[in-house]
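Here is a short set of exercises to work through at your own pace. Try each task on the model first, then compare your route with the solution.

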Amino acid sequence: MSMNDPISDMLTRIRNAAQAGHVTVEIPASKIKEEICKVLKKEGFIADYQLDKDSKVPQLKIQLNYTKDRRSVIQGIRRVSRPSIRRYSGYRDLKPVRSGFGMQIMSTPKGIMTGREAKKQKLGGEIICEVW
């Protein structure tokens with residue numbers, strides 16, 4: 001079955017696994033999903049990720065990050081730009097997420113990065129999602 005929005009599916013799987021208290025979650029792999037995982041790992045929202053190419057369909061195995069009292073580091077994750085409604089923003093228009101406790105993940109001409117990095121480099125682009 002083909003999927004209309006694979007990034008939204010990825011974010012939903014991560015959100016559901018974090019709420020259920022799972023340690024790992026597997027999703028079908030793609031280059032953009034791998035880049036999003038790289039940003040999430042760099043910012044500390046996930047512990048690690050691995051690309052498993054052994055199976056018929058390549059899979060990303062994501063290890064979720066939890067606090068000492070077993071609460072998920074990811075409190076919320078929301079898709080901003082959808083296939084039907086794309087959301088673009090210039091670097092001047094980027095606002096902090098949850099008073100600076102969250103972040104935006106953006107697709108810019110220089111690749112996938114956080115909103116803070118895009119603002120520093122004076123780059124605009126498509127806002128993929130918000131994580132807090």
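The exercises below go from the overall fold to single residues and then to empty space.

**Before you start**

This is a predicted model, so to speak of local features a pLDDT of at least 70 is needed, side-chain atom pairs count only at pLDDT 80 or more, and totals for chains, interfaces and linings use all residues. Residues are numbered from 1 along each chain as its sequence is written, and side-chain values use heavy atoms, with hydrogens and water left out.

**Exercise 1. The overall fold**

Task: find how many helices and strands the protein has, and in what order the elements run.

Solution. Begin with the DSSP runs, where helices are H or I runs of at least four residues and strands are E runs of at least two, numbered from the N terminus. That gives three helices and eight strands. Read from the N terminus on, the order is α-β-α-β-β-β-β-β-β-α-β. Next, take the radius of gyration over C-alpha atoms and set it against the globule rule, 2.2 Å times the number of residues to the power 0.38. The radius is 15 Å, close to the 14 Å that the rule gives for 132 residues, so the protein is as compact as a globular protein of that length. Along the principal axes, the C-alpha atoms fill a box of roughly 40 × 40 × 25 Å.

Now turn to burial and contacts. Buried means under 20% relative accessible area, exposed over 50%, and partly exposed in between (1.4 Å probe, protein chains only). Buried residues make up 39% of the 132 residues. With contact meaning heavy atoms within 4.5 Å, residues 24 or more positions apart account for 59% of the contacts with a separation of 6 or more.

**Exercise 2. Three residues of one strand**

Task: decide whether Glu126 is buried or exposed, then do likewise for Glu130 and Val131.

Solution. Start with Glu126, which is placed in strand β8. Its relative accessible area is 14%, so Glu126 is buried. For its partner, look for a polar contact: a pair of N or O atoms within 3.5 Å, where within protein one must be able to donate a hydrogen and the other to accept it, and residues adjacent in sequence count only if both atoms are side-chain atoms. The side chain of Glu126 makes such a contact of 3.0 Å with the side chain of Arg86.

Glu130 is also found in β8, which spans residues 125–131. Glu130 counts as buried because its relative accessibility is 14%. Here the polar contact is with the side chain of Arg78, at 2.8 Å. Beyond four places in sequence, Glu130 touches residues including Gly76, Val80 and Met103.

Val131 lies in β8 too. At 0% relative accessibility, Val131 counts as buried. Leaving aside neighbours within four places in sequence, its contacts include Leu40, Phe45 and Ile105.

**Exercise 3. Positive phi**

Task: what are the phi values of Arg70 and Lys122, and where do these residues lie?

Solution. Arg70 has phi near 65°, a positive value in a residue other than glycine. Arg70 sits in the loop between β3 (59–64) and β4 (77–79). Its relative accessibility is 51%, so Arg70 counts as exposed.

Lys122 has a positive phi of about 55° and is not a glycine either. The loop between α3 (115–120) and β8 holds Lys122. Lys122 counts as exposed because its relative accessibility is 56%.

**Exercise 4. Cavity and pocket**

Task: which residues line the largest cavity, and which element gives the most to the lining of the largest pocket?

Solution. Work on a 1 Å grid over the protein atoms alone: a cavity is a set of points where a 1.4 Å probe fits but cannot get out, a pocket is an open set with protein on both sides within 12 Å along at least five of seven lines, and lining residues have an atom within 4 Å of a point. Points are joined across faces, edges and corners, and a volume is the space filled by probe spheres set on them.

The structure holds one cavity of 30 Å³ or more, and the largest cavity has about 40 Å³ of space. Arg15, Ala18, Gln19, Ile74, Gln75, Gly76 and Ile77 line the largest cavity. Helix α1 (residues 6–20) gives the most to this lining, with three residues.

The largest pocket has about 170 Å³ of space. Among its lining residues are Leu94, Pro96, Gln104 and Lys119. The element that gives the most is α3, with three residues.
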